[in-house]
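I opened the notebook to keep track of what I looked up in this structure. Entries follow in the order I made them.

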Amino acid sequence: MADLVGTCAICGTATATSRRRHARYCSNACRQRAYRQRVHEPVTALDSFIGRGVELVRLERIRARVLTLVGPAGVGKSRLLREFAGDGVTWVELDEAEDVARACAEALGESTSEPVLSTLVGALATRSTVLVLDNCEHVARECAALLEPLLLGCPGLTVIATSREPLRVPGEVLFAVQPLSITDAVDLFTDRARANQVGLRLGDRNVIAALCARLDRLPLAIELAARLVTVLPVQELLARLDDRLELLTRGNRTAAVRHQSLRAAIGWSYDRLSADEQHVLRCISQKPGGFGLDGAVQACDLPSDRVLVLLSALVAKSLLTFTGAGRFEQLESVRLYGRERLAEQFAGDTPGTTAANLRAVRRGPAPAANH
């Protein structure tokens, strides 16, 4: 029986295919590589996807070789990307990764022996591949160092990433993921609350809307709050939101540690700030609502130019928002976290001594006396 010519699903090499049997791979090596790739394909989400219709339409219109979804902790970047990317992508989870190149090679089913970059270029140079890099913020520099030569050497490669800050590679297009609309936020809370207690009556939708607004319309915070409806009525939960960092601690057991609680999610970003960035975040947390540069300078007791640089860094890392007309705003949850860290720093201080102690911290220890 005559052979037909096919192509290997992994490397594109021509394969001899009989009418009785379709050979997807040219060799056992490619077959094993395909198996290793399937291990790293994204798992279909087990819960319902709420809202984000506008965002999905906008994402479909973007044409870029590097697309990065950026936004604050808990805003739903990974969940949105999972819905947008669908099947047929190679998913690289960087949550606990230290070596980005090695993580990519493992996800692609390639050898991780040195030189890894050459291995990746060789594997991807003639293929059309969508590489998803999830949770890049703690390895953003390493991602940028890898992606520039990889993209230059692999014309069929497209990269989609999630990060709390830009990767800052040539050609990168940023898509800022915003909190949910209030309608979608209420729908998400209702869906997750009823999943925790079948037949639950939640009461006034306006109260739920007020609750979601106080939670900054962040999906993570809303889902954590929805777990509490079995022990707290929605109205009482709303009244306790000043203590949300203590309340919202019951994340999915299978989630990453930093998604187990709202405090951990924000702390993941805070812990990666420089000392000066942490200082500014703590100081501006004393200011409810929006504030300008002058207000930040007064709160931080630093030179104006230095404060502006640090505020810009916090905006880039999704811990602060520039609203235009010289005003900055913080999510309420981030502001409460900053206040908590400020209170830890000055535990025991009286209100009159806090400002003096802030100045002392910035000056550092006094020089030793000469004897």
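**Entry: the largest cavity**

I began with the lining of the largest cavity, sorted by class. I got 8 nonpolar, 3 polar and 2 charged residues. The model is predicted, and totals for linings use all residues. I then looked up the volume of the largest cavity, which is about 80 Å³. Of its 13 lining residues, Pro 72, Ala 73, Ile 266, Leu 319 and Val 334 are closest to the centre. With a threshold of 30 Å³ or more, the cavity count comes to 1.

Which helix gives the largest share of this lining? I found helix 12, with 3 residues. Helix 12 covers residues 262-270, and both helix 12 and helix 16 supply at least two lining residues.

**Entry: the second largest pocket**

Next I turned to the second largest pocket. Its volume is about 640 Å³. I noted 28 lining residues. Those nearest the centre of this pocket are Pro 72, Gln 178, Leu 320, Thr 321 and Leu 331. Pro 72 had already come up in my cavity entry, among the residues closest to the centre there.

I sorted this lining by class too. It has 15 nonpolar, 7 polar and 6 charged residues.

Which elements supply at least two residues each to the pocket lining? I listed strand 7 (172-176), helix 15 (304-316), strand 8 (321-324) and helix 16 (332-345). Helix 16 gives the most, with 3 residues. Helix 16 also supplies at least two residues to the lining of the largest cavity.

**Entry: helix 6**

I checked the length of helix 6 against expectation. Helix 6 runs over residues 140-153, which makes 14 residues. At 1.5 Å a residue, it should span 20 Å. The end C-alpha atoms are 20 Å apart, so the two values agree.

Where is the kink in helix 6? I located it at Leu 147, with an angle of about 25 degrees. The proline Pro 149 follows shortly after.

I then pulled the buried residues of helix 6. They are Ala 140, Cys 143, Ala 144, Leu 146, Leu 147, Leu 150 and Leu 151. The kink residue Leu 147 is on that list. For packing partners I noted three strands and two helices by name: strand 3 (66-70), strand 5 (129-134) and strand 6 (157-163), plus helix 4 (100-108) and helix 5 (116-124).

**Entry: Leu 120, across from helix 6**

I picked Leu 120 to follow the packing from the other side. Leu 120 lies in helix 5. Is Leu 120 buried or exposed? Its relative accessibility is 0%, so Leu 120 counts as buried.

I listed what Leu 120 touches, leaving out residues up to four places away in sequence. The contacts are Ala 101, Cys 104, Ala 105, Leu 108, Leu 146, Leu 150 and Cys 154. Leu 146 and Leu 150 are among the buried residues of helix 6. For Leu 120 and Leu 150 I took the C-alpha separation, which is 7.5 Å. These two residues are 30 apart along the chain.

**Entry: Glu 106**

I looked at Glu 106, which is placed in helix 4. Its relative accessibility is 39%, so Glu 106 counts as partly exposed. The C-alpha atoms of Glu 106 and Val 92 are separated by 8.6 Å. Along the chain, Glu 106 and Val 92 are 14 residues apart.

**Entry: backbone checks**

Most residues other than glycine have a negative phi, and most peptide bonds are trans. I searched for departures from that.

Which residues does a cis peptide bond join? I found Glu 114 and Pro 115, with omega about -5 degrees. Pro 115 sits in the loop between helix 4 and helix 5.

Arg 52 has a positive phi of about 70 degrees and is not a glycine. Arg 52 lies in the loop between helix 1 (28-39) and helix 2 (53-61). Its relative accessible area is 4%, so Arg 52 is buried.

Asp 216 also has a positive phi, near 65 degrees. I placed Asp 216 in the loop between helix 8 (205-214) and helix 9 (219-226). At 10% relative accessibility, Asp 216 counts as buried.

**Entry: the whole protein**

I closed with overall counts. The protein has 17 helices and 9 strands. Of its 371 residues, 46% count as buried. For contacts with a separation of 6 or more, 65% come from residues 24 or more positions apart.

Terms used
Residues numbered from 1 in each chain as written. Predicted model: local features only at pLDDT ≥ 70, side-chain atom pairs only at ≥ 80, totals over all residues. Heavy atoms only, no water. 1 Å grid on protein atoms, 1.4 Å probe; cavity = no way out; pocket = protein on both sides within 12 Å on 5 of 7 lines; lining within 4 Å. Points joined across faces, edges and corners; volume = space filled by probe spheres on them. Helix = DSSP H or I, 4+ residues; strand = E, 2+ residues; numbered from the N terminus. Nonpolar A, V, L, I, M, F, W, Y, C, P; charged D, E, K, R; others polar. Expected span 1.5 Å × (residues − 1). Bend = angle between axes of the 7 residues up to and from the residue. Buried < 20%, exposed > 50% of the residue type's maximum accessible area, 1.4 Å probe, protein only. Contact = heavy atoms within 4.5 Å.
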